[in-house]
Amino acid sequence: MAQIKVEFRYFTGVRENIFRNVRLMGSWNPDGSHSDKWRTVAMKPFLADDGCQAFKAEVAFQDNQVGQEFSWGILLDVPGRANIWGIMTEYGALESAAMHRTFTLENKPMVESYWLTHCRRLGANKHYSDPAAKPGILFSVWAPHAKSVETVIAADDSGGYIYNDGKGVKKAYPMTRDDQGIWTTDPAEPDFADFHDWRGCAYMFKITREDGSVAYRTDLYSRSQAGTGSVDPAEAEWSGLSSDLEGTKSCSLVLDPEIVAPRYSSKGISEDEWPDGREFWAHEFNPNRPLPTRAEDMVIYEMHVDGLWAEHEGPGTFEDAMNMLDYLVDLGINTIELLPISEFDGESGWGYGTSHYYAVTRGKSGRNQFKHFVRACHQHGIAVIMDVVYNHYTPNSERAEWMYDSTSHEHNMYYMYYGQPDDYPDMPEGGYFDNMSTGYLPNMADEMVRKMMIGSAVTMAMEFHIDGFRMDLTQALHSFNVLHYDGRHVPEANEAGIRFMREWVRTLRLFKPFVVLLAEDHSGWNAMTHPQSIGGIGFDAIWWSEWYHQLIGDATGDKSKARLLHNAGYGTNDPLNLSLFGQILLNSPSRVVYHESHDEAGNSQNSARTMMVAVNNMLFDNTRPWAEARCRVVAALTILSAGTPMFFMGEEVAAVKPYRYDDFLNFREDYQAMRESTGAHMFRFYQDLIRLRISSSAFRSPSLEILYTHNKDRIIAFSRTWGQQEFAVVASLNNNAFPDGYDLTHDFFRGKNWVEALNSDADIYGGFEVYNPDEIECPDGKFKPRIPACGVIVFVKTN
């Protein structure tokens with residue numbers, strides 16, 4: 001009986017050689033016939049033509065099996081873990097979570113391949129025709145509906161832009177399509193022999209779409225876009241300078257991902273170029289300042305690089321961010337969470353609308369300076385979390401995702417479209433999905449689209465050494481999707497989003513087991529933080545806005561919320577709903593809690609900086625002490641909770657100016673200068689508060705018990721314990737002190753002695769010095785400490 005040979009190939013798409021003992025598993029027996037008992041075959045490593053680790057194995061099948069469907073997968077080892085399943089992509093119907101590949105045996109030799117990531121499968125990449133030779137360049141793009149595709153190179157005087165009529169093109173290279181709709185240039189083309197010659201080259205893809213129309217499209221796997229300005233030459237007069245050109249509409253640039261360019265600063269170039277990134281990262285960590293690797297160990301400082309104070313014109317840069325690091329080390333935080341930094345519309349902004357997921361916007365000084373920033377953070381003992389947006393693209397995505405290779409809505413492949421345009425009379429766009437974001441839902445039902453986004457996160461984790469990610473508005477992926485036509489729910493859209501999140505989480509954890517994954521989710525769906533082994537998604541923690549609404553104040557004035565700071569800000573001594581807030585405290589584990597974020601610092605309706613909320617926007621010299629006192633209370637409730645604490649930049653120095661998405665550049669504040677002036681007391685308080693949190697395992701544990709609440713007296717007390725460590729936190733938003741003591745009798749205190757570990761009313765914080773100078777003994781559980789007005793005291797057990 002004749003045999004048919006099938007070669008199986010497993011491509012990783014990353015340079016790091018982290019996979020070992022890779023094995024092929026499949027539904028066949030040793031004779032090459034179908035079997036329900038899967039067979040295991042060792043795979044041989046080889047260097048793929050993208051220069052990355054890959055593996056292959058050959059299996060001989062009996063020719064009487066032609067027409068039979070077979071399933072296969074990969075088993076592998078990674079450092080510290082063995083027998084990990086290596087297929088991350090789910091297979092079959094959207095409600096299925098099966099992870100294997102299938103093929104039907106044909107009567108000819110076959111090749112079955114799986115790309116773990118597309119990090120270097122698409123875009124402008126190095127190509128190794130011979131592993132021992134220097135690499136050439138290969139351009140590739142996914143355009144399954146295109147009639148033809150060319151890689152077009154921009155003229156030297158183009159300014160990084162090619163017009164829709166082809167003006168600005170210097171040369172074009174034909175591309176060839178494979179059976180998956182991927183077009184590639186000819187690696188044998190002499191011009192492509194040396195990748196080094198192409199560094200900095202500006203290019204686009206000229207796509208003849210299925211209706212014959214021609215469109216110039218950027219490379220969605222671009223590592224950098226040419227433009228750093230805000231002008232779209234198709235819409236407005238343009239100077240011809242790349243500094244004025246809108247990045248999302250400009251040409252893509254060829255960059256060498258292995259090379260790290262020098263660090264640039266106002267003082268000039270400080271270092272030489274690193275030809276190999278491994279050398280650049282060689283001294284990345286400081287053994288005296290280890291990075292946090294668990295969400296509960298983090299104290300997160302939310303930073304928007306564009307909005308940092310800068311002596312130069314324009315938005316802040318990564319250099320400005322690096323100049324903040326000594327200040328942040330003094331503050332004591334150990335994690336920075338960055339607003340999105342991937343390419344987006346405009347010269348500056350918040351970044352919540354990505355066009356190119358692999359490109360770090362050059363407006364912040366680009367990918368190389370970002371690497372310098374991450375390395376500098378790690379050298380200072382600070383982890384870096386990156387905010388990523390997958391629920392929509394940039395609204396104006398012409399030349400990026402929108403109608404990339406087709407003018408047909410049903411073939412608008414980067415967007416999810418339900419049915420046919422004829423299903424929606426007079427509204428052909430009715431088949432797209434709205435999800436309460438600012439754009440249509442991406443096509444999460446397509447593996448190629450999911451892998452574009454997943455691969456970008458892997459790139460950030462592996463190439464840029466990012467420590468974690470915060471996924472924006474995840475309920476827009478798993479719950480909120482409705483048809484644009486009539487608002488009807490279509491389960492398939494939400495199921496596709498759920499599949500994407502599962503694949504994203506498991507792929508990142510394969511490459512980086514201790515990556516910290518956060519989700520901004522307001523749905524209350526508990527599965528978000530449940531392990532995938534029991535049907536969950538697998539995030540570490542939820543970015544929890546409910547905490548803000550209860551602690552500070554819901555922007556809509558929702559009376560069902562406690563709105564503690566907002567109501568305290570009126571200056572009366574009316575009751576506050578501390579009992580409700582106590583229930584919120586109990587639910588803080590596995591959540592990121594914050595008393596200020598970018599959304600609520602003046603951007604959302606009726607919101608403001610906490611200093612302004614604390615006195616109902618009536619901040620004067622005589623009200624400032626009250627504003628600071630109340631802000632110290634809410635900061636302590638956040639940082640001493642059982643959640644992962646976070647606050648927006650500037651809170652630590654009592655910033656007061658509004659932070660809005662459309663005019664933040666007009667309201668920037670110099671936090672480092674404020675530390676020495678109006679923010680000195682608050683900075684000192686944050687220092688001591690953060691130090692207490694990080695140094696005490698009790699405050700990093702999930703253990704929390706409400707000991708006392710009194711709405712009329714506006715007091716709450718709770719315990720934080722772990723092992724031998726025991727703390728009691730007593731907080732008051734009462735405008736009057738209790739200098740003669742306040743009865744907090746509880747069994748928790750019985751037989752224990754207590755002293756102050758932190759008192760927000762201390763003189764060094766600008767307080768009025770109501771404190772407990774002596775140890776408090778509680779043989780019978782009676783605990784009666786003195787409590788300051790609008791203050792918080794942390795007591796520690798001494799016996």
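**Figure 1. Overall size of the predicted model.** With 799 residues, a compact globule would have a radius of gyration near 28 Å, and the 29 Å of this protein agrees with that. The model is predicted. Its C-alpha trace spans about 95 × 65 × 60 Å along the principal axes. The chain forms 14 helices and 38 strands.

**Figure 2. Inside and outside of the protein.** Of the 799 residues, 60% count as buried. The accessible surface comes to about 30200 Å². Carbon and sulfur atoms account for 48% of that surface. The protein carries 72 positive and 109 negative charges. The mean positions of these two sets are 4 Å apart.

**Figure 3. Contacts across the sequence.** This view concerns contacts between residues at least 6 apart in sequence. Of these contacts, 71% join residues at least 24 apart.

**Figure 4. The largest nonpolar core.** This core holds 217 residues. Six of its residues touch the most other members: Tyr-301, Leu-328, Phe-370, Phe-373, Phe-469 and Trp-504. Another core lies apart from it, with 18 residues. Among them are Ala-717, Val-730, Phe-738 and Phe-783.

**Figure 5. Close-up of Phe-469.** Neighbours within four places in sequence are left aside here. Phe-469 is in contact with Ile-385, Met-386 and Val-388. Ala-457, Met-460 and Ala-461 are also among the residues that Phe-469 contacts. So are Trp-504 and Leu-508. The run Val-515, Val-516, Leu-517 and Leu-518 completes the list for Phe-469. Both Phe-469 and Trp-504 belong to the group in the largest nonpolar core that touches the most other members.

**Figure 6. Close-up of Ala-321.** Ala-321 sits in helix α2, which covers residues 318-322. Its relative accessible area is 0%, so Ala-321 is buried. Leaving aside neighbours within four places in sequence, Ala-321 is in contact with Met-303, Val-305, Leu-308 and Phe-373. Asn-286 is 35 residues from Ala-321 in sequence. In space, the two are 19 Å apart, C-alpha to C-alpha.

**Figure 7. Close-up of Thr-335.** Thr-335 belongs to strand β22, residues 335-338. Is Thr-335 buried or exposed? Thr-335 counts as buried because its relative accessibility is 0%, under the 20% limit. Residues up to four places away in sequence are not counted in its contacts. Thr-335 touches Pro-292, Met-298, Val-299, Ile-300 and Tyr-301. Thr-335 also touches Ile-382, Ala-383 and Ile-385. Ile-385 is in contact with Phe-469 as well.

How values were computed. Residues are numbered from 1 along each chain as its sequence is written. This is a predicted model: local features need pLDDT of at least 70, side-chain atom pairs count only at pLDDT 80 or more; totals for chains, interfaces and linings use all residues. Side-chain values use heavy atoms; hydrogens and water are left out. Helices (H or I, at least four residues) and strands (E, at least two) are DSSP runs, numbered from the N terminus. The radius of gyration is taken over C-alpha atoms; the globule rule is 2.2 Å times the number of residues to the power 0.38. Buried means under 20% relative accessible area, exposed over 50%, partly exposed in between (1.4 Å probe, protein chains only). Contact means heavy atoms within 4.5 Å. Accessible areas come from the Shrake-Rupley method with a 1.4 Å probe; for residues, only the protein chains shown count as cover. Lys and Arg count as positive and Asp and Glu as negative; His and the chain ends are not counted. The place of a charge is taken as NZ of Lys, CZ of Arg, CG of Asp or CD of Glu. A nonpolar core is a set of buried Ala, Val, Leu, Ile, Met, Phe, Trp, Tyr and Cys residues joined through side-chain atoms within 4.5 Å.
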